[in-house]
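New to this one? Here's a quick tour, with a look at how the aromatic side chains sit together.

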Amino acid sequence: MIQIYDHGSARMEPLYCARQILMAVLLLLLNVPAFGWGREGHETITRIAERHLTPKAQRNIARYLDGHTITYYAKWMDEYRSTPEYSYTDGWHVAPVNSDLVYADSLFTKKGNAIYGLELAVKALGDYRRLPDSLVALNIKFIIHLVADMHCPAHIKYESHEMKYDVYFEDAYHKPHKFYVHHVWDNEIIRVSRIWSPAEWAGEIDILPRSKVKEMAAGTPREWLHDNAVRCEVQFEWAAPDQRLGQDFLNKALPLVETQLLYAGYRLAGLLNGLFGEVSC
């Protein structure tokens, strides 16, 4: 059963060029906005969720998504957050918690957050048959993405922890590269550890008994965030400022990442089933 985390110079020229290109890519990565999970993580979450959607929910959702699955829109919010039409959602990708590791309305700012956006979308879809199809589709896209983001360790905004710092993350050749710690949790753990497709990864980790799936999917978004915050707070112990992170870090971090992917997938399925099909996961 899957581990669930709980508390010659000529010959050298091509290689040299490859290294230079790699370094350039790494520098670019350090200067791009931080997006929760990256493509691999987001699509693995939706692949897990798809495996637990009821047939009725799948049919209803596909109708509003022009026949597409939820995986097709897994990263839609990241792709449109900077456009004038959807710039109001740019602040929705983080989920804040206070010193008690819970979400409180006092944490709300004019930028919004993942809980705010998710609760708006769920409320709107509570009577989705009265909405224009375009609005139903938009709110489905919000739910798909925000449930995933709030499960990414780096997207839980801890009031009691400093979260803006760098670490040195080792590549496959054990060479450390300087990264904003946020990027390590968003992308680098996955890129170094897993080279499967999202469908393959989902199939490898989604092997829990139905009773466990139901248990993990239970609760409300605010309860999920508290649960995530408690489980993921260990990130600050494992990846401190300027720390060099190697295989020992990956051996601890990957089970946590996979656990969060499972929770996100099961909870996303449960939420969508409750809105568009029989309440089942």
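What follows covers the overall make-up first and then the aromatic rings.

This is a predicted model, where local features need pLDDT of at least 70, side-chain atom pairs count only at pLDDT 80 or more, and totals for chains, interfaces and linings use all residues. Residues are numbered from 1 along each chain as its sequence is written, and side-chain values use heavy atoms, leaving out hydrogens and water.

**Overall make-up**
- The protein chain has 12 helices and 5 strands, taken as DSSP runs numbered from the N terminus (helices: H or I, at least four residues; strands: E, at least two).
- Of its 281 residues, 51% are buried, meaning under 20% relative accessible area, with exposed over 50% and partly exposed in between (1.4 Å probe, protein chains only).

**Aromatic rings**
- There are 17 aromatic pairs, counting rings of Phe, Tyr and Trp (its six-membered ring) with centres within 6.5 Å; planes under 30 degrees apart are stacked, over 60 edge-to-face and the rest tilted.
- Tyr64 and Phe276 make a tilted pair, 6.5 Å centre to centre with 50 degrees between the planes.
- That pair ties helix 3 (residues 55–64), home of Tyr64, to helix 12 (residues 247–276), home of Phe276, 212 residues apart.
- Both Tyr64 and Phe276 are buried.
- Tyr88 and Trp92 are edge-to-face, because their centres are 5.6 Å apart and their planes at 80 degrees.
- Trp92 is buried at 5% relative accessibility, whereas Tyr88 is partly exposed at 42%.
- One aromatic cluster includes Tyr88, Trp92 and Tyr116; Tyr116 lies in helix 5 (residues 114–125).
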